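Q: Got a minute to go through this one with me? I'd like to start with the cysteines, then wander a bit.

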Amino acid sequence: FLTTPMRQEVERCRMAFEEAKKGQTVAMVCSGDAGVYGMSGLILELQQEYRECEVEVVSGVTAALAGGAVLGAPLMHDFAVISLSDLLTPWETIENRLDAAAKTDFSICLYNPSSRKRADYLKRACEIFLRYKSSDTVCGIVKNIGRDGETKKVMTLTELKDYEADMFTTVFIGNSRTKKSALGGQDWMVTPRGYRI
């Protein structure tokens, strides 16, 4: 079992390849889906240096889908997934993506909404959304998806703007048709697909 701290993903992948070169069967493990903000892209980029090693990408369940199920059905129509982490992407690029997604009335799922160094990024994202979306747009959060202490909350975009998220929070912003539904003692987010009922 080999591990490295955050920001040493390249070194971790190289360690995996070096073990594979020794004849070991190696699994690079990451949370969610390896192809969504995960490690499969980096592994495949580095495979150019380790052509003798075979790679198989195994799908998982990304937070957008797992958290969406906890909230009900927020992603039933076209949607965008955007990370607010500016470790590998400049904030200006993230702002442009937020603006473009909000303009087109996508439902939006936000990863990495906040950290100690980025405490106001979710608020800044909500301010961009409020340029195009109603203040009562249905939104939701899920904390600790699939882990002990999993919680969810459905709220408005105005309430979300002041919500204190952390790195274990996944945020969902509905489109103009997303509804809040209170059934079975729970609040749900439902984005209609367009069926006539």
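A: Sure. A disulfide here is a pair of cysteine sulfur atoms within 2.5 Å. Keep in mind that this is a predicted model.

Q: OK, so how many disulfides does that rule give?
A: The count comes to 0 disulfides.

Q: Why is there no bond for cysteine 30?
A: Because the closest cysteine sulfur, in cysteine 13, is 9.0 Å from the sulfur of cysteine 30, too far for a bond.

Q: And why none for cysteine 109?
A: Distance again: the closest cysteine sulfur to that of cysteine 109 belongs to cysteine 139, and at 12 Å this is too far for a bond.

Q: Which of these is buried or exposed, starting with cysteine 109?
A: Cysteine 109 is buried, at a relative accessible area of 0%. Cysteine 30 is partly exposed, with 26%.

Q: Let's zoom out. What's the secondary structure of the protein?
A: There are 6 helices and 8 strands. Going along the sequence, the pattern reads α-α-α-β-β-α-β-α-β-β-α-β-β-β.

Q: What does the C-alpha trace span?
A: About 55 × 35 × 30 Å along the principal axes. The protein has 197 residues, and 37% of them count as buried.

Q: In what order do the strands of the open sheet run?
A: That open sheet has 3 strands in the order 1-8-7, and the pairing is mixed. Its edges are strand 1 (72–73) and strand 7 (179–183), each of which pairs on one side only.

Q: How do strand 7 and strand 8 pair?
A: They're antiparallel, with 5 bridges, and strand 8 covers residues 186–190. One detail to look at there: serine 181 stands opposite tryptophan 188 in strand 8.

Q: What sits over the ring of tryptophan 188?
A: The charged end of lysine 152, at 3.8 Å from the ring centre.

Q: Switching to ring-on-ring contacts: how many aromatic pairs are in the whole structure?
A: A search turns up 3 aromatic pairs. One of them is phenylalanine 17 with tyrosine 50, which is stacked, at 4.6 Å centre to centre and 5° between the planes.

Q: Where do phenylalanine 17 and tyrosine 50 lie?
A: Phenylalanine 17 is in helix 1 (residues 9–21), while tyrosine 50 is in the loop between helix 2 (40–46) and helix 3 (63–71). They're 33 residues apart in sequence, so the pair ties those parts together.

Q: Is tyrosine 50 buried or exposed?
A: Tyrosine 50 is buried, with a relative accessible area of 6%. Phenylalanine 17 counts as buried too, at 4%.

Q: What about tryptophan 91 and tyrosine 121, how is that pair arranged?
A: That aromatic pair is tilted, with 4.3 Å centre to centre and 45° between the planes. Tryptophan 91 lies in helix 4 (residues 91–103) and tyrosine 121 in helix 5 (residues 121–129), so this pair ties together parts 30 residues apart in sequence. Both tryptophan 91 and tyrosine 121 are buried.

Q: Last topic, pockets. How much space lies in the second largest pocket?
A: About 590 Å³.

Q: Which residues lie nearest its centre?
A: Val26, Ala27, Met28, Val55 and Glu56, out of 24 residues that line the second largest pocket. The elements giving two or more residues to that lining are helix 1 and helix 2.

Q: Which helix gives the most to the lining of the second largest pocket?
A: Helix 1, with 3 residues.

Notes
Residues numbered from 1 in each chain as written. Predicted model: local features only at pLDDT ≥ 70, side-chain atom pairs only at ≥ 80, totals over all residues. Heavy atoms only, no water. Pairing = 2+ DSSP bridges. Helix = DSSP H or I, 4+ residues; strand = E, 2+ residues; numbered from the N terminus. Buried < 20%, exposed > 50% of the residue type's maximum accessible area, 1.4 Å probe, protein only. Phe/Tyr/Trp six-rings, centres within 6.5 Å; stacked < 30°, edge-to-face > 60°. Lys NZ or Arg CZ within 6 Å of the ring centre and 35° of its normal. 1 Å grid on protein atoms, 1.4 Å probe; cavity = no way out; pocket = protein on both sides within 12 Å on 5 of 7 lines; lining within 4 Å. Points joined across faces, edges and corners; volume = space filled by probe spheres on them.
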